[in-house]
Every structure is written in C-alpha cells, then in structure tokens.
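Work through the exercises below with the structure open beside the text. Each task is followed by a solution that proceeds step by step.

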Amino acid sequence: MPNRIFLSSPHMSKEGFEMQYIKEAFDQNWIAPLGENVDQFEIEFANKVGIKAAAALSSGTAAIHLALKAAGVGQGDIVFCPTLTFSATANPIIYQNAIPVFIDSDKETWNMCPLALEEAFKKYPEVKAVIVVHLYGLSANMDKIVELCNKNNVVLIEDAAESLGTFYKGQHTGTFGSYGVFSFNGNKIITTSGGGMLVSNNERKIKKARFWATQSRDQVRHYQHSELGYNYRMSNILAGIGRGQLKVLEQRVEKKRYIYHYYKEKLSEINELELMPENAWDAPNYWLSCILLNGKMRPDEVINALEKENIESRPLWKPMHMQPYFEEYDYVGTDVAEKLFKNGVCLPSDTKMTEEDLERVTNIIKRLG
C-alpha cells in the first residue's frame, strides 16, 4: 500500500518552535489553563491579525458560543447562519436557546449570499446577530455583508475557523465584525491540537469572555460565582504549540496556495471539472483545495478512487438545512448550497505533500476524466 496522503494534518515547524515553548511551560510547571504562553499567544495572535484583543479558548466552537453570549443573544432570538458550513458554526446558537435561520451561498464565493441575507432581513427584522463563515479559506463578500448588518444594526460574528491567513481587500478575515472566531483544530492551517481564539476590538468584551471562560469566578478570596461560567480556557501547553505555529503561518499559507495552483494547472484539461472560485478582492489561504464536478464524473467516484490508493478526500459540507437535527429551522435562498454539496470534493491539501504526492492525486483524477 502506498504512503497515506492526508486531507490536512498537523505540521509542526522544522525549527522546533513549539517544543521550545512547551519546555518552558514544563520547566516553570505552568501546565494549567493559565500562564505565560496563554497570555503571550493572545497578544501575538491579536498583533498578527491586526486587532486589539484576543481570548485563547478550548475550541473555535467555544469562541462562537462566547461571541453569541457577548452579543446578548438569548432565549428565542433569531441568528442568521450560512447553511453551507460545519455544524460547529450552528450548534452554539442552540446552546444559547436561540433560533438559527440558515442562509444560502452564492456561486461567486461559496459563502453567505448577500441577496439571500437581504431577503432574510426583510423576513426577520428582529434578528439579533449574523454569523458569516469564510469557507475553505475563501472570504465572503464582506463589503455587502457588513453594509447590510450596519444598515440593520445587527451584530456581525465572523467564523474564520478555516481562514486564518486569508485577506479580504488587504485586511485579515475575522476582523471585520464585532467578533472574530478562529480554530486551531488538528486539521487547520496552524494547530494547537485543539483550541480556538475569540478576537475583537472591544477589549472590555474580550475581558468578559475570559471571565466566563474561567467559570465566571468572582474576584474574591473564596469561590464565588455571580454568573454562569464555562470551562473554556486554553491550556498553557497548547498555547505554547500555538505560539510556535504562529511563527510559520506564512509558510503554511504559501504551501496551501501552491497546492491549489498545482491542481488548477494539472486538472485544467478536464472540461467538466472546476476549482473553487477566485475573486480579485480575495487573497485566500486555500485551506482546502476543492473542486466541482459538472459532468459524468461524480464526487463518490473520485473519493473512492483516491481512497483505494490510500489518499484522503471528502465531500463538501452538507448544508445545515439538510441536516436531520436542523431541518425544522427556516432556510432562505435557492439551491446553490445544495448543488455545491452534491457536486463538490475537497482534495488533499496537506502542507507536507510532496510533488510526487500531488502528481499521484492528479493522475488518478485525470484517469477518471
């Protein structure tokens, strides 16, 4: 069996930056979810993306949850959410006892469609918040989405879990809304094994999020809790990994972009295949390189052929309004997200892939075409 090619696996720095910070934590015995690595990771991350404040948390899901809580979302509130996303975007809406309304994608970005969003605002003028996702590292059409949220005086939360290193018109994704959310899951462009970051230019709100994330412990000698709290803080060890990974972010983005353009060039001869869209205002990190199949070749055929050669790939996200748990909730749009799911494949985009690995993948697909 040939060597396994992963979709997107952890990639530690060759310089060993991560181990240096982990060793410091062990030497200082700061193993708990507090310590210098956590504090410095927050500062370094905020500086990297160009925002005032950040809170290092246990997951991107936790960050979305606290963003919704900070935005005042509660029982019965409406929250707009893209339908084409991972369930971690939508689940925290339910945690807050709020009501998701799912919004269709557009063909130009694969992300939240501004026209469908505008229609949703007319249908639900009482909406409390909007979550926008930058899917697979492609930025949404932020000018129009920000304009609509400002016009309707609604809090905007950016799920940038997949788009660290992506720029929209020269600005980091995750920094346009009131709150931005990042993920450091094992498959992300940089990883802390598990973890996330909540960012905002509202330093007071980030301070409050840190308070909630540490079980809402009041500043008194004894254990006192005046608010509901959560165990959401990142550990000092994982934050050390994150500090090391942050040093090689640009290298990882460069390799992801190389992989995308390799696929684009080598698969261009297949007329019924297209790669995910490119826009002049978008500088994506191409976290995953994805294709659409518009002919006889079908996604399952590609996925199965790759798997036979020990190569990992997967379908695009199944839309939330098609999920058994969420099918009772409203959906605004047409069938763009459904068609993307039906026809899309995420190709292996691991930053450790060699030229030989990339050639293996493209040759298999070309044989099918």
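The exercises go from the whole chain to salt bridges, a helix and single residues, all in a predicted model.

**Exercise 1. The chain as a whole**

Determine whether the radius of gyration of the chain agrees with that of a compact globule, and describe the overall make-up of the chain.

Step 1. The chain has twelve helices and 15 strands, and its C-alpha atoms fill a box of roughly 70 × 55 × 35 Å along the principal axes.

Step 2. For 369 residues, a compact globule would have a radius of gyration near 21 Å, and the chain agrees with this because its own value is 21 Å.

Step 3. Of the 369 residues, 57% count as buried, while the accessible surface of the chain comes to about 16100 Å², with 49% of it belonging to carbon and sulfur atoms.

Step 4. Among contacts between residues at least 6 apart in sequence, 72% join residues at least 24 apart.

**Exercise 2. Salt bridges across the sequence**

Find which parts of the chain are tied together by the salt bridge between Glu44 and Arg243, and then treat the pairs Glu250 with Lys48 and Asp330 with Lys123 in turn.

Step 1. The cut-off is a side-chain nitrogen of Lys or Arg within 4 Å of a carboxyl oxygen of Asp or Glu, and by this rule the count comes to 13 salt bridges.

Step 2. Glu44 and Arg243 meet through their side chains at 2.8 Å, N to O. Since Glu44 lies in helix α2 (residues 36-49) and Arg243 in helix α8 (residues 236-246), the pair ties together parts that are 199 residues apart in sequence. Glu44 is partly exposed, at a relative accessible area of 24%, whereas Arg243 is buried, at 8%.

Step 3. Between Glu250 and Lys48, the closest N and O atoms of the salt bridge are 3.0 Å apart. Glu250 belongs to helix α9 (residues 249-266) and Lys48 to helix α2, so this pair ties together parts that are 202 residues apart in sequence. Glu250 counts as partly exposed at 45% relative accessibility, and Lys48 is likewise partly exposed, with a relative accessible area of 28%.

Step 4. The side chains of Asp330 and Lys123 form a salt bridge at 2.8 Å, N to O. Because Asp330 lies in the loop between β13 (314-315) and β14 (331-332) and Lys123 in helix α5, parts that are 207 residues apart in sequence are tied together. Asp330 counts as partly exposed, at 24% relative accessibility.

Step 5. Salt bridges also link Glu42, Arg210 and Arg233 in a network.

**Exercise 3. The buried residues of a helix**

Identify the buried residues of helix α4 (residues 87-95) and the elements included in what covers them.

Step 1. The buried residues of α4 are Ala88, Thr89, Ala90, Pro92, Ile93 and Ile94.

Step 2. Their cover includes the helix α3 (60-70) together with the strands β2 (78-82), β3, β4 (129-133) and β5 (155-159).

Step 3. After α4 comes Asn97, which has a positive phi, near 60°.

**Exercise 4. A buried acidic residue**

Establish what surrounds Asp104, and where the nearest side chain of opposite charge is placed.

Step 1. Asp104 lies in the loop between β3 (99-103) and α5 (114-123).

Step 2. Although buried, Asp104 has no salt bridge, and the nearest side chain of opposite charge, that of Lys339, is 9.4 Å away.

Step 3. A polar atom of the Asp104 side chain does, however, lie 2.9 Å from the backbone nitrogen of Ala337.

Step 4. Leaving aside residues up to four places away in sequence, Asp104 touches a set of residues that includes Thr83, Asn111, Tyr331, Asp335 and Ala337.

**Exercise 5. Two further residues**

State whether Ser13 and Ile51 are buried or exposed, and name residues that they touch.

Step 1. Ser13, in the segment before α1 (17-28), is buried with a relative accessible area of 8%.

Step 2. A polar atom of the Ser13 side chain lies 3.0 Å from the backbone nitrogen of Phe17, and, beyond residues up to four places away in sequence, Ser13 touches Glu18, Gln245, Val248 and Arg252.

Step 3. Ile51, in the loop between α2 and β1 (53-57), counts as buried at 9% relative accessibility.

Step 4. With residues up to four places away in sequence again left out, Ile51 touches Ala46, Gly174, Thr175, Val199, Ser200 and Asn201.

Note on methods
Residues are numbered from 1 along each chain as its sequence is written. This is a predicted model: local features need pLDDT of at least 70, side-chain atom pairs count only at pLDDT 80 or more; totals for chains, interfaces and linings use all residues. Side-chain values use heavy atoms; hydrogens and water are left out. Helices (H or I, at least four residues) and strands (E, at least two) are DSSP runs, numbered from the N terminus. Buried means under 20% relative accessible area, exposed over 50%, partly exposed in between (1.4 Å probe, protein chains only). Lys and Arg count as positive and Asp and Glu as negative; His and the chain ends are not counted. A polar contact is a pair of N or O atoms within 3.5 Å; within protein, one must be able to donate a hydrogen and the other to accept it, and residues adjacent in sequence count only if both atoms are side-chain atoms. Contact means heavy atoms within 4.5 Å. The radius of gyration is taken over C-alpha atoms; the globule rule is 2.2 Å times the number of residues to the power 0.38. Accessible areas come from the Shrake-Rupley method with a 1.4 Å probe; for residues, only the protein chains shown count as cover.
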